[in-house]
Each structure stands twice: as structure tokens, then as C-alpha cells.
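Biologist: Hi! Could you walk me through this one? I'm still learning to read structures.

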Amino acid sequence: MTDLAPLAERYDGLILDLDGCLWVGDRPVGGAAAAVDAWRASGRPLVFLTNDPRSAPDEVVQRLWAHGVRASLDEVVTSGVVMQEYLAERFAGCTAVVVGSQAMVRHVRLAGLRVIADVSLVPDADVVVLASHPGLADPELTWAVRAAYAGAAVVATGRDPVVPSDAGVIPGTGGVVAYVEYCSGAEAVAVGKPGAHAWRIARERLGVDGPVLAVGDRLDSDIGGAAAAGIDGALVLTGVSDTADVQAWDGAQPVAVAADLGALLLA
Ligand SMILES: [Mg+2]
């Protein structure tokens, strides 16, 4: 078992991003599994916090194990989980138009909302839920614009413009948000990173009062968002942001910048 780096020893809890941090597309990042093992060996809690709205938490757990990373369901906070908590607090009993995967539709239903499946009910929707997914197409985009245009609240899993993949970046939920906002004139609330809701839920899952370290590959969503929530952020260079971005970044500075998760957390 490899020891933890001195930086990691300073923290009581760890929040790890997934895409661009633990893996890129289907390829695991070097040292990621060993870094998680070393952290677990120290007996401190960790949470996986991802803005990826496509997969259900149990699918994320399976993917982590497939990459050699031990994980349990209560450690996984997807932006779908954050969305479910947000909707349950504010929109239980309401009707929703959903742009999202089947996993996202389940989250919306579990929050106590009715998902509209009849076009005639779209203008009366209370809320529009936005989360990019493969196969995104009409009529869901038109329904979303129509409901938002008629006055429904708009809630999105995030505003990330792109998500890293094996073949290059793919469009993120931010593109869907821009489309619906532009067409409808509505303004969306984003519940995922960098928003406060995501960090609050991640902190609650960790259950520690002491200092927490968040690790991610995006300066805006991961580092900026963590700082706004009072959490130190460390950047790994295996995803979206690179060293040139770090030099140009005028937001909250990362406490460390490392080549990958192993280089950051392992001695
Ligand atoms: Mg990421």
C-alpha cells in the first residue's frame, strides 16, 4: 500500500470528480485506483461527485468497480441525485417536462413529480428539468422550450459546456441550457457543480466537520465551485483544464495542480 501525500494528510474528507479525474471516456486515469485505496486505508470518508447526469448512481458504482475503484452507493452523488433532492424540496406534487436520460426521469419521479408525456399538457408544466444525454433530440427540446416559454421554472443539472470523452469533447448540459434560455427568455437554476446544492449534499454525505479536499479537472465547476462552498480544490490535468487555463484563471486558486490523481494524493 502506497502512503498518502502530505497534502492529502491535511484533510478529513475527500470529494472526487469522475470524468476527467478518475477516468476519461472508458480509460481509467493512472494511479486513480491506488489513490482511492490509499485514502480508504487512512479510514477517512470520500464521496464521488459528478455533474454527469446520464447515469444512475448504481451504474456509476458498477463503473467504478470495473475500473478497479471500490465504491458504495451512498458514496455516489450524481447531478441526478442533487436534482432529486432539489426537486423534492421545492416541486413535490408538481408536473415536469424532462430533457434527460431514463435515469434522470426516475430521479424526477422519485422526487414526487409527475413527468408529462402528453403534448397538450406541456404549456401547463410547473418545471422543466434539463440534463444532456446521448440521443438528445426532439420532441423533448421543443417541449422544454414551450414549457419554459409559458412560464415553467427551469432547473438544470449544470452549465458545463462540454464533457471529455475518448474521441474528444462531447456537448454538456450547458449547451441545452443555453438553447432553452435563449429560445424561451427564461433563466435556469443550475443545481450541479459549481452550484451550492451539489457541494452541500456532498458534504452531508461525508459527515465530517473538519477540512475537506475536492479534486476535479475543471477550474470553474470543480475549483471555483468548491471554493464558494468553503472547500479547498485541487486540479488534475487529466481532463478539461490545462496549465494555460490555470495561468489565465482569475478565480479561486487551486491548493494544488497535479498531472493526475495518483500524483496528487500518493506520496
Ligand atoms: Mg470532470
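Modeller: Happy to, and keep in mind that this is a predicted model. Let's begin with helix H8, which lies across S1, S4, S5 and strand S13 (212-216).

Biologist: Which way does H8 run relative to S4?

Modeller: H8 runs at about 160° to S4.

Biologist: And what does helix H9 touch on the sheet?

Modeller: Helix H9, residues 219-228, packs on the sheet by touching S13 and S14. The direction of H9 makes about 160° with that of S14.

Biologist: Okay, now the sheet itself. In what order do the strands come?

Modeller: The order is S5-S4-S1-S13-S14-S15, which makes 6 strands in an open sheet with parallel pairing.

Biologist: Why do S5 and S15 have one side without a neighbour in the sheet?

Modeller: Strand S5 (76-78) and strand S15 (256-258) stand at the edges and have a single partner strand each, so one side of each is left without a neighbour there. From one strand to the next, the twist averages 20°.

Biologist: How many bridges join S14 to S15?

Modeller: There are 3 bridges between strand S14 (residues 232-236) and S15, and the two run parallel. As one example, Leu235 has Val257 in S15 as its bridge partner.

Biologist: Switching topic: which residues of helix H2 are buried?

Modeller: H2 covers residues 32-41, and its buried residues are Ala32, Ala35, Val36, Ala38 and Trp39. Looking down the axis of H2, you find them within an arc of 160°, so they line one face of the helix.

Biologist: What covers those buried residues of H2?

Modeller: The cover includes two helices, H1 (6-9) and H11 (261-265). It also includes strands S1 (13-16), S3 (27-28) and S4 (46-50).

Biologist: What about the bit just after H2?

Modeller: Gly43 sits there, and it takes a positive phi of about 80°.

Biologist: Last topic, domains! Where are they?

Modeller: The domain assignment puts 6-51 + 193-265 in domain 1 and 80-190 in domain 2. Taken over C-alpha atoms, their centres are 26 Å apart.

Biologist: How many residues does each one bring to the contact?

Modeller: Domain 1 gives 16 residues and domain 2 gives 13 residues. On the side of domain 1 that touches domain 2, the largest share comes from helix H8 (residues 196-206), with 3 residues.

Biologist: Oh, H8 again! And what kinds of residues are on that side of domain 1?

Modeller: That side of domain 1 divides into 4 nonpolar, 7 polar and 5 charged residues.

Definitions and conventions. Residues are numbered from 1 along each chain as its sequence is written. This is a predicted model: local features need pLDDT of at least 70, side-chain atom pairs count only at pLDDT 80 or more; totals for chains, interfaces and linings use all residues. A residue is buried if 20 or more other C-beta atoms lie within 10 Å of its own, exposed if 12 or fewer, and partly exposed in between; C-beta atoms are placed from the backbone. Helices (H or I, at least four residues) and strands (E, at least two) are DSSP runs, numbered from the N terminus. The arc is that of the directions from the helix axis to the C-beta atoms. Two residues are in contact if their C-beta atoms, placed from the backbone, lie within 7 Å. Domain bounds come from an automatic or database domain assignment. Ala, Val, Leu, Ile, Met, Phe, Trp, Tyr, Cys and Pro count as nonpolar, Asp, Glu, Lys and Arg as charged, and the others, Gly among them, as polar. Two strands pair if DSSP finds at least two bridges between them. Axes are lines fitted to C-alpha atoms, for helices over the stretch in contact, and angles run from 0 to 180 degrees between N-to-C directions.
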